[in-house]
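Visitor: I would like a close look at one part of this structure. Please start with a single pair of side chains and work outwards from there.

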Amino acid sequence: MIDNIKELEKLKIVSRSSPQIIVRDGVVDYINSMAMDLFGIQDDEVILGKKIISISPSIQLDGEKTIEYYEKIVNRIKEVGESFFKWVIILDSEPIFLEMHGLDISKYINDGILFTLYDITMWTKFTRMFYDQGLNSSFYEHEDILLLIDGDNGDIIDCNQSATRFYKYSYNQLKSMNIKKINTDDEVKIQEKIDAAKIEKDNHFVFNHRIGDDTVKRVKVHSRPIRIEGKNLLCSLVIPDSLNLEIADTEFLECYINSVSIPIAVTDGDGNILECNSIFKNVVKDEIDDSLGLNLVEVLSLDSDYYFGIDKIEDFVKSRFGKVSVKIKDIHYNIEKFSVAGLDGQSRAFITFNDQSKIIEMRKKIESYEKIMGSVSVGLVITDKENKIKWVNKGFEKITGYSFEEALGNDPNILKSDEHKAEFYQRMWNSINLTGRWSGEIINKNKAGENYIENIKIIRFINSAENEVNHIGIFNDISEEKKKSREIWNLSYKDSLTGLNNRNYFIDRLEYELKFSSKYNEKIALILVDIENFKSINTVMGIKFGDMILKKFAEVLKNNIPFNGSISRFDGDEFIILISNIIDVQHVTDFIDELNHSIKNNLHIENKPFHIDYNIGVSLYPDDGDDPFELVNKCEIAKNKVKSLLGQNYIFYKDTFKREINKKHHLTKNLKEALLKKELYIVFQPIVDVKNSKVHGFEVLLRWNSQNLGRVHPEDFIEIAESSGDIVEIGFWIMEKSFEALKDIDHSCDDKKSNFLMSENIKNLESDVIDDNFFISINLSLIQIENVEFIERIKEIVDKYQIDTSRVEFEITESVLSKNYFSVKDKIDKLLSMGFRIAIDDFGTGYSSFSLVKMMNISKIKIDKFFLQDFFEDETYKEILETIILMGKNLKLHTVVEGVETEEHLEFLKSTDADYYQGFYYSKPKEIGEFFLYYNEEDKKEMKDDV
């Protein structure tokens with residue numbers, strides 16, 4: 001806390017009448033009570049010691065990053081001594097929009113900056129609200145007087161219905177006018193004030209406006225610059241001054257005093273009658289033919305019986321304000337006087353006569369109204385000038401639980417709950433004091449201590465009987481209605497599991513944001529987050545555990561959403577985030593990086609860190625479209641694309657992705673018919689012993705020769721088969737064809753030891769070319785393994801072909817092991833128990849976990865061809881390859897190196913402990929009949945070259 005605040009107060013640098021804070025080196029060191037009220041806090045420790053940027057959003061109103069914007073402001077203050085700017089503070093999730101005046105006070109306090117705060121939250125939300133919803137709904141029908149003014153020349157561009165009623169012009173007439181012609185002030189001064197409002201140097205003015213009936217009214221004007229359809233305009237809120245009689249001129253006096261239905265006279269400061277109406281003359285006509293020019297004392301001295309004595313009349317005439325009772329011609333009058341300043345600067349006094357008999361009659365009417373109003377179901381409460389309750393009806397008693405006697409004399413704050421901040425009530429009273437009314441919803445507390453929601457309208461009025469300001473509150477209890485509304489809203493827009501908003505809410509919110517952003521040329525980002533293999537988590541860990549993960553994952557995501565963002569549970573294990581008013585792509589990238597970091601560090605299940613894989617797809621408005629469903633669809637496309645990428649979990653949508661989708665759709669359609677049309681076939685690639693060059697086995701590979709598309713590369717259709725689920729039936733078909741081939745080979749053997757025929761047209765194979773007990777290797781995907789019929793169908797195929805299962809090896813990728821460990825291990829254990837071999841394919845490109853391999857009781861790894869691709873350019877790949885082979889050897893694992901295409905590759909492998917190799921150097925994949933049982937060196941060379 002700063003010590004010398006009192007000294008600054010003496011110097012009139014620090015004020016107690018305006019919200020102020022002092023910041024040193026970016027940290028709040030002082031806050032006064034007015035600022036605490038503005039922020040709605042009771043304890044200054046909430047703010048003190050905190051960096052001002054830590055209680056602010058990451059992006060400010062003008063789109064600049066808060067850190068950079070604050071540094072720019074501080075530099076400007078240090079250069080010129082002060083600066084005026086806009087700022088947003090966020091406390092308790094509610095944004096507070098401010099205009100701030102920064103003053104350099106470093107000569108009093110080291111590195112000190114004094115900030116005076118001006119709350120513009122209500123105005124900011126107001127202008128955004130009605131321009132977002134469109135002028136037709138919010139602007140034209142708004143109950144306040146609104147004008148749109150061209151800041152360059154003062155032309156009135158547009159106005160609402162309240163403005164036409166107030167100014168007494170038609171809509172077209174008012175639109176064709178210039179504000180300088182309505183304003184009675186000097187045009188040069190008016191333009192100066194317009195220019196001040198344009199740059200927001202000053203936004204609050206008091207003017208005299210001439211109305212259509214040629215009267216003049218005093219008005220308060222709040223003007224703010226606003227940009228609409230590329231034009232820089234001023235939006236002016238016009239509030240009639242309740243003391244418009246202060247600006248009365250002669251014409252206005254005549255109009256006014258002749259329009260009222262009571263006796264009235266106007267005097268100068270000495271009591272001389274200047275003007276009076278005909279009703280006044282009728283009161284005194286028997287004694288005075290012309291009252292004009294007489295003094296008020298003379299008029300009231302005629303045949304009158306003063307209740308307060310003659311000396312009081314003279315005091316009454318001399319006073320600025322006062323009341324006196326008098327009897328004239330047997331009629332009792334209450335006479336009231338109030339003085340105002342005329343346009344000529346001279347004092348004027350208005351004298352009004354109120355017939356007491358009429359007042360008595362009016363009171364009788366009021367009593368009858370009270371009987372009626374006292375019985376209505378809505379609550380009514382009237383307060384006096386000190387805001388003490390002076391009357392309530394039965395509706396009030398029923399809603400609040402307080403009787404008339406209990407409520408009488410109390411402040412309405414006996415109903416106050418703790419649900420609203422002091423700032424809420426401050427804004428409410430500001431509105432009442434400015435406009436004379438306020439309406440809205442308040443959460444109050446009844447006598448029993450229970451909160452209820454009331455819809456209330458508060459109106460300020462002048463009680464003429466007592467000449468004081470009173471307030472009337474008209475309200476009804478809408479708690480049950482709100483509860484039902486909330487339930488319906490929750491059913492429509494809330495996700496019951498996570499508490500987040502759902503898909504319906506998101507689409508509505510997105511449509512809203514798109515409409516707003518199109519007006520203000522802002523960008524929007526949609527970020528779709530999808531938990532990977534969540535179905536497997538539910539299957540293995542149980543639905544209850546899966547729900548726990550969803551709730552915790554949703555909580556972590558929600559805690560990272562910025563003030564200009566929202567999050568919804570979109571579908572199952574998908575969450576979608578909307579961030580409005582983004583600056584650029586880097587803004588989104590930074591957010592996702594922060595999100596990834598938070599998920600990694602904060603995702604705990606049952607107080608233990610929990611790792612989860614997820615993919616993120618991003619689309620941008622307007623870059624990727626302006627339709628809500630189109631933008632969501634492109635998020636989905638990007639999210640699916642990122643699954644095929646290594647090293648990152650998010651990607652921004654590109655048009656090329658959609659072309660890929662269309663291509664995949666075309667392939668999917670044709671693949672559905674490929675089995676029926678017998679377009680699929682299998683080929684075999686030798687797996688060769690590094691030391692003796694014998695064929696150790698054959699890997700079975702799938703090929704597709706489409707009637708419509710021609711030869712389709714496996715990389716183009718295998719992924720499609722997996723994503724569509726067709727890989728399950730295709731996989732069982734591959735097993736049948738592979739087992740059939742193995743069986744045919746064995747049946748064709750002439751000699752059980754070594755020689756056999758693969759078909760009638762193939763020559764015998766010498767025993768030194770292929771191992772006697774060679775095997776076939778078949779690839780499996782996670783989708784196949786997770787199929788509920790997987791093991792049973794394999795058993796059926798084995799029984800059908802009666803093959804030796806020890807001569808069949810299944811290959812799975814290491815990523816399959818990590819994605820659903822328990823389910824995969826169970827299936828692998830069953831395959832091992834049936835006698836099958838298991839190998840890990842593409843080892844070294846994913847998790848590369850030797851411990852996981854050993855836990856699965858796997859005896860062979862196939863090292864991915866990736867390490868041989870840049871073999872000659874980078875020695876590092878050789879070293880990594882040697883290391884993997886050596887570690888495999890130490891763990892008693894057989895190693896197969898894929899991608900051997902040159903003699904240099906093979907010579908290198910011979911210098912290592914690698915067991916087997918596979919690649920085009922020996923042979924490309926062929927149909928089994930193409931592998932000759934006997935061939936010489938020429939045949940072998942021809943086979944290798946046939947690519």
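Are phenylalanine 810 and phenylalanine 836 buried or exposed?

Guide: Both phenylalanine 810 and phenylalanine 836 are buried. Keep in mind that this is a predicted model. The two rings form an aromatic pair, with 4.9 Å from centre to centre. Their planes make an angle of 50°, and the pair is classed as tilted. Now place the partners on the chain. Phenylalanine 810 belongs to strand β33, residues 808-813. Phenylalanine 836 sits in the loop between α30 (821-833) and β34 (837-843). The partners are 26 residues apart, and the pair links distant parts of the chain.

Now the wider set of rings. Searching the whole structure gives 18 aromatic pairs. One of them joins tyrosine 69 and tryptophan 87. Here the centres are 5.7 Å apart and the planes differ by 10°, a stacked arrangement. Tyrosine 69 is in helix α3 (residues 66-80) and tryptophan 87 is in strand β3 (residues 82-91), so this pair ties together parts 18 residues apart in sequence. Tyrosine 69 and tryptophan 87 are both buried. They also share a cluster: Tyr69, Tyr70, Phe85, Trp87 and Phe115 make up one aromatic group.

Rings also meet charges. Arginine 807 places its charged end over the ring of phenylalanine 774, 5.2 Å from the ring centre. Arginine 503 does so with phenylalanine 570, and there the distance to the ring centre is 4.2 Å.

Tryptophan 704 is another aromatic residue to inspect. It lies in strand β30, residues 695-706. Its relative accessibility is 1%, so tryptophan 704 counts as buried. Look at its surroundings, leaving out residues up to four places away in sequence. Tryptophan 704 touches Leu667, Asn670, Leu671 and Ala674, among others. Its contacts also include Glu679, Leu680 and Tyr681. Further along the chain, Leu709, Gly710, Arg711, Val712 and Phe717 are among the residues it touches. Take alanine 674 from that list. Its C-alpha is 7.8 Å from that of tryptophan 704, with their positions 30 residues apart in sequence.

Next, a helix pair. Helix α23 covers residues 628-642, and helix α24 covers residues 655-671. They pack at an angle of about 80°, and their axes are 10 Å apart. The two helices are therefore roughly perpendicular. On the α23 side, the contact uses Ile637, Ala638 and Lys641. On the α24 side, it uses Phe657, Lys658, Glu660 and Ile661. By type, the residues of this contact are four nonpolar and three charged, with no polar ones.

Step back from α23 to the loop between β27 (614-621) and that helix: proline 622 is found there. A cis peptide bond joins tyrosine 621 to proline 622, with omega at about 5°.

Two backbone positions deserve a check. Lysine 168 has phi near 60°, a positive value in a residue other than glycine. It is in the loop between α6 (161-167) and α7 (171-175). Its relative accessible area is 46%, and lysine 168 is partly exposed. Asparagine 387 also has a positive phi, near 60°, and is likewise a residue other than glycine. Its loop runs between β17 (379-383) and β18 (389-392). Asparagine 387 has a relative accessible area of 19%, and buried means under 20%, so asparagine 387 counts as buried.

Isoleucine 432 is a further buried position, with a relative accessible area of 0%. Helix α17, residues 422-435, holds it. Set aside its neighbours within four places in sequence. Isoleucine 432 is then in contact with Arg437, Trp438, Ile458, Arg460 and His471. The C-alpha atoms of isoleucine 432 and isoleucine 458 are 7.6 Å apart, while the residues stand 26 apart along the chain.

Finally, the whole chain. The protein chain has 35 helices and 37 strands. Of its 947 residues, 47% are buried. Consider contacts between residues at least 6 apart in sequence: 53% of them join residues at least 24 apart. Back to the starting point: phenylalanine 810 and phenylalanine 836, both buried, are a tilted pair whose members sit 26 residues apart.

Conventions:
Residues numbered from 1 in each chain as written. Predicted model: local features only at pLDDT ≥ 70, side-chain atom pairs only at ≥ 80, totals over all residues. Heavy atoms only, no water. Phe/Tyr/Trp six-rings, centres within 6.5 Å; stacked < 30°, edge-to-face > 60°. Helix = DSSP H or I, 4+ residues; strand = E, 2+ residues; numbered from the N terminus. Buried < 20%, exposed > 50% of the residue type's maximum accessible area, 1.4 Å probe, protein only. Lys NZ or Arg CZ within 6 Å of the ring centre and 35° of its normal. Axes fitted to C-alpha atoms, helices over the stretch in contact; angles between N-to-C directions. Parallel < 35°, antiparallel > 145°, perpendicular 65-115°, else oblique. Contact = heavy atoms within 4.5 Å. Nonpolar A, V, L, I, M, F, W, Y, C, P; charged D, E, K, R; others polar.
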